[in-house]
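Let's learn how to read the meeting of two protein chains, one step at a time. Take a look at the model first, and then we can talk it through.

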Number of protein chains: 2
Amino acid sequence: MSVEEVSHYSVEQFFIAFALILIVSKLFGELAERIKQPSVLGELVAGIILGGSVLAVVPSVSGMSGYEIFHILAEVGVAILLFEIGLETDLKDLIRVGFTSTIVAIVGVVVPFALGFGSILAFEKFGLLSGIDPSLHILIAITAGATLTATSVGITARVLSDMNRLQSGEAKIILGAAVIDDILGLIILGVVSGLIESSKSGSGEMAISAAGVGFIILKAFGFLVVAIIIGNLTSKRLFDLIDKMRVRGVLLLFALAFALIFSYLAALVGLAPIVGAFAAGLVLANTNQFKPIEERLKPVSDVFTPIFFVMVGAAVDIRVFNPFVSENIPILLIALILFIVAVVGKFVSGWTVFQKGINKTAIGIGMIPRGEVGLIFAQVGLTYGVFTSELFSAVTVMVMLTTFIAPPLLKIAFSGSDEEAEESA
Amino acid sequence: MSVEEVSHYSVEQFFIAFALILIVSKLFGELAERIKQPSVLGELVAGIILGGSVLAVVPSVSGMSGYEIFHILAEVGVAILLFEIGLETDLKDLIRVGFTSTIVAIVGVVVPFALGFGSILAFEKFGLLSGIDPSLHILIAITAGATLTATSVGITARVLSDMNRLQSGEAKIILGAAVIDDILGLIILGVVSGLIESSKSGSGEMAISAAGVGFIILKAFGFLVVAIIIGNLTSKRLFDLIDKMRVRGVLLLFALAFALIFSYLAALVGLAPIVGAFAAGLVLANTNQFKPIEERLKPVSDVFTPIFFVMVGAAVDIRVFNPFVSENIPILLIALILFIVAVVGKFVSGWTVFQKGINKTAIGIGMIPRGEVGLIFAQVGLTYGVFTSELFSAVTVMVMLTTFIAPPLLKIAFSGSDEEAEESA
């Protein structure tokens, strides 16, 4: 028998919501596969259906009862996914494509930022920003541009994993670029919030210190380098020790704890927890235990990762897409333009790759989804009062469109290179 | 990068607490096994150390930031454990020992209740209840007696599972008795809260309706019978369908969702969710898919179940055990007497079994741990103002002692029957 306080989210409510997340995400995942789409697309759609704007089974908005727990489990889910992907990735391969990845990441940040910034200024010319304090326009343009720089590696990594493409050259470049992109995003977020704060302080000047930016860069790179070096030095001895323990589940749980601690440390230096989880996977990929870890991690990953994709889908408020509501039309118009800019901006990044036999299109598409990272940027814009709620909605729609369009496009892009591969064979 | 509201339990806090739960519980589990104790004892000790009264890493008290999420995950953990145990249990075996289990359960409820009731009245004689409104004494005796009737099947089941004893005759009788005990507990809880409420309403009379009790019984048995019948009728077809799906992880996730839904339905009729999870396992044990389900469920169970045992341990406030604080002495005295009564009361239930070759001692010990079910009863006593905080502490100490003493005693009891088995062989 269970006695629960009424004010809290009860165990029973959680049980049924969790069951529905598992069932509906797998049903739509299956449906997606049947129509030759990646199953993650089905999970995102499942999220929309379960989310606040349709069935409201899954708490989709912060402050909603039970939101916190699913939000945290979603973060665990995407961390486990990236840990799994790190396990399947050879650090040496990543370093080998390091230069290429860096270029892809930088172009994939600069071009979308410039295009986003320009678009907002163009909207100003066409009077779409009328009613908004003109002194804010530059700040809006900068924040919108920053939102366009994000890359959600979770979506692309999942598609690559589902397609058994994680060992391809394209996958290495995308994963490397996504990690660098997260560091760049961190810098941009630091700069943008610095700009916003100095602008709000009323000096009228937008100033940020070069030392501040330098410190962010140092922290982020420092974490990655130190984590991977110390991890490589200690992990072998640690897992040899674990090998001697005989209690049930010890290998899996220590590996998972390892990933969680790396995620925690990444968050401490301001990076996304998933970057830490990915680094943990890279480290353990070098130990002799990685096969059994991978095997036992799979069912755990199967349970947690759908929560992440469902929660991303649940954040979509589909009412914004209704064109028959006149207030939605400018939102949708702005969203559409930002979306085009977002796609083009990342797409060109793929074309900076000059390696032979690499599918440039696939890389460009792989960088497109903004996912949860884009939503975090948009949230900052809203919280600091830079975005109006309309602009926030438009940016959110852009983020969602990029997230939903990437999986099917990626599948098409890779099936093209399958044919090429077959022809050349 | 992650933007978290400061007022909430952050993702990072959760990550590090979760990692520590996994590491510390396995370390102490290993330590316990090395000194020939069941690993679950180590996990309980890990909980004490991580809990509020020592390191405060794990939120151990309702209202503490992050408590809700670990509480819910702990419930998921124990539900998965009972689901797993249900999967390994043959319903026919349970029905075969049904009569024996019923007798064990009834004796294990009546004797501890009578002894507990009597002890409290004896305390009254010795003046240990002075300062408490005399009109409450009978109610206190009833509520304390009721707390003594509880059985936490989670602890025993885990020990049996760790010792590979789930297929033994003793295990079937204990599992059956624990399920019946939960139903009896439900009735007692209904009756006790009815008595408390009618007493509080000031009529001075303590009255409960026979129809009310009958309804509780009907609901509980009805649920079990209907769930198992409908489950058996539909599960084969359902899992044949799932067999045709090709999306990753579908079998595991549907099985887990099945368990969660059964747990939810059990909670709806007022039963413990774990009873529903156990019933779900019984149903799926009959499908041809149960082997792969069991295999994939194991790592998931490994991740979730330690949270439950750590949370049970974390609920212990060890400061109460300090005999150098004078206020603790009457609490410890009452706790000690209740503890003896609690052990004796359940122990005799094992001796009602007249089947040959059955280890009566092991059954009696298997029924001893009160675990989380006992804590729920104690909580009701406190919430309704029947227990003073001292009495609540004493009852909690009794619950904890029974929970901690059962695993080592059970191991000893079974090693005795190992020798018998060897001798007769």
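**Reading an interface**

Q: How many residues does each chain bring to the contact?
A: Start by counting the residues on either side. This is a predicted model, and in it chain B gives 73 residues to the contact and chain A gives 73 residues.

Q: How much area do chain B and chain A bury between them?
A: Look at the amount, then at the atoms behind it. The two chains bury about 6500 Å², with 74% of that on carbon and sulfur atoms.

Q: How many salt bridges are found across the interface of chain B and chain A?
A: Here we look for pairs of charged side chains. The rule finds four salt bridges across this interface. One of them links Glu84(B) to Arg248(A), whose closest N and O atoms are 2.8 Å apart.

Q: And how many residue pairs are in polar contact between chain B and chain A?
A: The count is twelve, with both residues at pLDDT 80 or more.

Q: Which elements of chain B give two or more residues to the side that touches chain A?
A: They are α1, α3, α8, α10, α12 and α15 of chain B. The one that gives the most is α1(B), with 15 residues. Sorted by class, that side of chain B has 43 nonpolar, 13 polar and 17 charged residues.

Q: What about chain A by itself: how many helices and strands are there?
A: Chain A has 16 helices and zero strands. Of its 425 residues, 59% count as buried.

Technical notes: Residues are numbered from 1 along each chain as its sequence is written. Chains are lettered from A and ligands numbered from 1 in the order in which they are written. This is a predicted model: local features need pLDDT of at least 70, side-chain atom pairs count only at pLDDT 80 or more; totals for chains, interfaces and linings use all residues. Side-chain values use heavy atoms; hydrogens and water are left out. Contact means heavy atoms within 4.5 Å. Buried area is the accessible area (1.4 Å probe) that two parts lose on being put together, summed over both. A polar contact is a pair of N or O atoms within 3.5 Å; within protein, one must be able to donate a hydrogen and the other to accept it, and residues adjacent in sequence count only if both atoms are side-chain atoms. Helices (H or I, at least four residues) and strands (E, at least two) are DSSP runs, numbered from the N terminus. Ala, Val, Leu, Ile, Met, Phe, Trp, Tyr, Cys and Pro count as nonpolar, Asp, Glu, Lys and Arg as charged, and the others, Gly among them, as polar. Buried means under 20% relative accessible area, exposed over 50%, partly exposed in between (1.4 Å probe, protein chains only).
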